[in-house]
Amino acid sequence: MGPLRSKKRRPTFRRLLKTSGMKLENKLKSRQQKQQNVAKKQRKEQKRLRQAMKGAALQVPQVLETYRKRPEEENEEEEFLETLPSDMMDEEDLKEMTAMARKASFITRDLSSCGSVHSSKRKNADVVRSYEKIPRKMAKMQEKEVIQLLPIKDKDRVIPRSIERAVKQHQEEEEEEELAGMPEQEEDDGEPPSYKELTPEEREQFRIQTLNIKKQRIASMASAIISDPLNNMKRVKELRGMMMEVDPSVAVSVRKMVMVSLMEVFKDIAPTYRIRPLTSAEKNTKVKKETQQLREFEESLVSQYKFYLEDLEQTIKDWKQKKRKRSQVVSFQSYRGLAEVSVRCLCELLLSMPHFNFHNNIIVILVPLMNDPLKKVSDMCCDAFRKLFQEDRVGGASLATVRVISGLTKSLNYNVRPEMLRTLLNLRIKEVEMKKDLEATAPKTKFMTNKEKKKNLSRMQRKWKKAEEKLEKELLEAEASESKEKKTKLHTETLNIVFLIYFRILKKAQRSVLLSAVLEGLANFAHLINLEFFDDLLNVLQNLIQSGNLTNRESLHCIQTVFTILSGQGDALNIDPLNFYSQLYKILLFLHILAISGAPNNDIIIVLRCLDAMLTRRRKQVTLQRAMAFFKRLSVLSLHVLPNASIGILAANRATMHSFPKCDFLLDNEIQGSGFYLMELDEPEYCNAQNTALWELHTLQRHFHPVVRRFAGYLSHGAPSDGSAALSMELSRRSPLELFEDYSVKDMTFNPPVASPTSKKKDQFVVGTALLDDRLQKQADSILSDTRMDFTATRL
């Protein structure tokens, strides 16, 4: 039998190639490891050698052994030296012995104090090494800078070379001295000995010159900061220092200009993101030079911005607390102007930089000023927060503001101005989280579990599914816009705080001046109230109306709130608000009082909203008698109000006639049923409105406004949708509120303009047949033909 064959399989060529490649990699790695170890050992040896040389150079030679002689031996040695002749040793021998003593290394045994035997061979190396140890710069150099040049190596030594260059900072130092010395000069020269002797004209001229210098300085510093903020942040500190101007002649003007200039500078150089403080780990890590420069800029920017806000706040506090400064540079009367400028700067920063640091601090400063007795300051802050609410798309700034308003209102025991609460009407809250059923709030189950995926999907499908989920997650994270869930959450929390403010006032301060603003706010946000508050709120509003302590406007807000609730989520509630219909029917007779004086009656806007919710949207729950009573009373009201209000009311009557077609009974003179129309009765169900006629429409057809005449004619024909009596598309497509705003007369102008009446004055007598008797007429004609009479020439 032949030799046994090996059971091992021969490696393939590809496997051999793979093995050889792995071996080469291992060899290369081992070689690199050895090189690294060798280099590491060499570095350690060089480090030890440098430390030894450094220690040897710094070590002071010390004698290792000292022998102290007894006093008797010292005396004997001195006597022996005196007895010796002085001419036994020449001077040359003495010098030679002195030199040998200096070279005696066996006395000190210090290697650093004497050269070795072969020191002459390494002489040049020692010279170079000693030169390298010389520091390149001196510790302190004044006004001159030494530039080191390449040295010259001689046979015995190394000759260092350097040149001196004068620092070219004379101009910069002069400028800095001028900038830093100007306030000092002004302090000295602000009131020189001869200043009091100047005439008023000369003083004013001196003030104008000083003010122009300050203006130029502020402008130059501000432009330098804006042009290169990374390198000129120190100028911000200098500019902020000018807020403490000490020259009494220009102190107030300069401080105001500096406040406004710094505000514009910060608005220009501030980034579009919030700067957060660095952690300890981030501070210890090494970063690029540009990154470090950016970090330093951001840190200095935040600190200077903080100091600037503190200065503005301190100015306002000094004015509010009526503090008097020791210097008396600025009078107390001027602090009001400074405080107003500070408030204006804070309002501008509140609106232009809502993303930047210390935004909440600005809110805390400005919210109490909304309740300030000074109307100018209060209006300024209220307008700023109205704009903030309108421009806040996410809701973070609005939430912070509402929290501060709630705390301030409670701390002052609801003794605040109504304008503070009216600013909440500008909140951009459209959707909130409502309480849902358990099924809706239950967590959503996944489409497929992991076991189902393994069972129903192949390996490739599971891989694609995983990659798709990962991609969707990354896209959501990289999305720049705020998520809808976060926005809804912030709006819900904001609205809860707003309703908390309103309900507290309804419960504890019903006789407060804030009740009107509270009712207006409830009417505005009534569609967002949860169902659990409906019963209690309806009872409170009904008690308020029946108390009789409310004005017409407040009562209208209560009615609007009730019907907004009932037309929204409260539609499922089985409630008949007959009392609120009666209250509105009663109020309609008293809305013409403001129109008599010519003032714009904004209560009509609330009436139009109430009519839309009470008659148009709830037409299935309203009886025909009630609708006809409102139609008649609104027609009466349209005779006594301004033209835009008449147009809005007639448009509301048009919607009522379309919702209740049987209201055309009022266009006939026939009586429907028994009884007479009782106009003074405040119950629309029992006033017998079907037994009256709309004679007001005939009167309105002779109105001076053309649109009122058009609507009156349209309603008198039964509000047809087509035909010659139908309205134009421009008028029929607009709602009553839009017509009320479009034809407003608040600027004392009519839209369209009303033509002026023609003059009825006659310049001369017109000849014509005016007498019935022919003989008398002929006699009059003969007389008039001879003399033509001109009545304009005769003056009484």
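# A guided tour of the predicted model

Arg-626 and Glu-685 are both buried. The model on display is a predicted one, and this pair is the starting point of the tour.

**Stop 1: Arg-626 and Glu-685.** Select the two residues and show their side chains. They meet in a salt bridge, with a distance of 2.6 Å from N to O. The pair joins distant parts of the chain, the two residues being 59 apart in sequence. Arg-626 belongs to helix α27, which covers residues 624–637, whereas Glu-685 sits in the loop between α28 (643–659) and α29 (696–700). Side chains of opposite charge can pair when their charged atoms come close.

**Stop 2: Thr-623.** Select Thr-623 next, in the loop between α26 (603–616) and α27. Is Thr-623 buried or partly exposed? Thr-623 is partly exposed, because its relative accessible area is 33% and the buried class lies under 20%. Now add Phe-660 to the selection. Thr-623 and Phe-660 stand 37 residues apart along the chain, and 9.3 Å separates their C-alpha atoms.

**Stop 3: Glu-696 and Trp-695.** Proceed to helix α29, where Glu-696 is located. Glu-696 has a relative accessible area of 0% and is therefore buried. Display the side chain of Trp-695 as well: a polar contact of 3.3 Å joins it to the side chain of Glu-696.

**Stop 4: Ala-719.** Continue to the loop between α30 (706–716) and α31 (729–732), and select Ala-719 there. Ala-719 is not a glycine, yet its phi is positive, at about 55°. With a relative accessible area of 7%, Ala-719 is buried.

**Stop 5: Tyr-414.** A further positive phi is found at Tyr-414, where the value is near 65° in a residue other than glycine. Select Tyr-414 in the loop between α15 (396–411) and α16 (418–422). Its relative accessibility is 8%, so Tyr-414 counts as buried.

**Stop 6: Arg-422 and Glu-520.** From the loop, move on to Arg-422 in helix α16 and add Glu-520 in helix α21, which spans residues 515–524. Arg-422 and Glu-520 form a salt bridge, and their closest N and O atoms are 3.5 Å apart. This pair also links distant parts of the chain, with the two positions 98 residues apart in sequence numbering. How do the two partners stand with respect to burial? Arg-422 counts as partly exposed at 27% relative accessibility, whereas Glu-520 counts as buried at 17%. The two fall into separate classes because the buried class ends at 20% relative accessible area.

**Stop 7: Ser-342.** Select Ser-342 in helix α12, which covers residues 335–352. With a relative accessible area of 0%, Ser-342 is buried. Show the backbone of Leu-338 too: its oxygen lies 2.9 Å from a polar atom of the Ser-342 side chain.

**Stop 8: a salt-bridge network.** Select Glu-264, Lys-267 and Glu-348 together; salt bridges link these residues in a network. How many salt bridges does the structure hold? The count for the structure is 21.

**Stop 9: Glu-245 and Lys-214.** Another salt bridge is formed by Glu-245 with Lys-214, whose closest N and O atoms lie 3.3 Å apart. Glu-245 is found in the loop between α8 (233–241) and α9, and Lys-214 is in helix α7, residues 200–227. The two are 31 residues apart, and the pair links distant parts of the chain. Both Glu-245 and Lys-214 are buried.

**Stop 10: a nonpolar surface patch.** Turn to the surface and select Leu-230, Tyr-273 and Leu-294. These residues form a nonpolar patch with about 260 Å² of accessible area together. Of the three, examine Tyr-273, which lies in the loop between α9 (251–269) and α10 (280–284). Tyr-273 counts as partly exposed, because its relative accessibility is 39%.

**Stop 11: a positively charged surface patch.** Finally, select Lys-40, Lys-41, Arg-43, Lys-44 and Arg-48, which gather on the surface in a patch of positive charge. Lys-40 belongs to helix α1, running over residues 13–58. With a relative accessible area of 44%, Lys-40 is partly exposed.

How values were computed. Residues numbered from 1 in each chain as written. Predicted model: local features only at pLDDT ≥ 70, side-chain atom pairs only at ≥ 80, totals over all residues. Heavy atoms only, no water. Patch = residues over 30% accessible without salt bridge, like charges linked within 9 Å, V, L, I, M, F, W, Y side chains within 5 Å. Areas by Shrake-Rupley, 256 points an atom, 1.4 Å probe, with all protein chains shown as cover. Salt bridge = Lys/Arg side-chain N within 4 Å of Asp/Glu carboxyl O. Lys, Arg positive; Asp, Glu negative; His and termini not counted. Charge placed at Lys NZ, Arg CZ, Asp CG, Glu CD. Helix = DSSP H or I, 4+ residues; strand = E, 2+ residues; numbered from the N terminus. Buried < 20%, exposed > 50% of the residue type's maximum accessible area, 1.4 Å probe, protein only. Polar contact = N/O pair within 3.5 Å; in protein donor to acceptor, adjacent residues only side chain to side chain.
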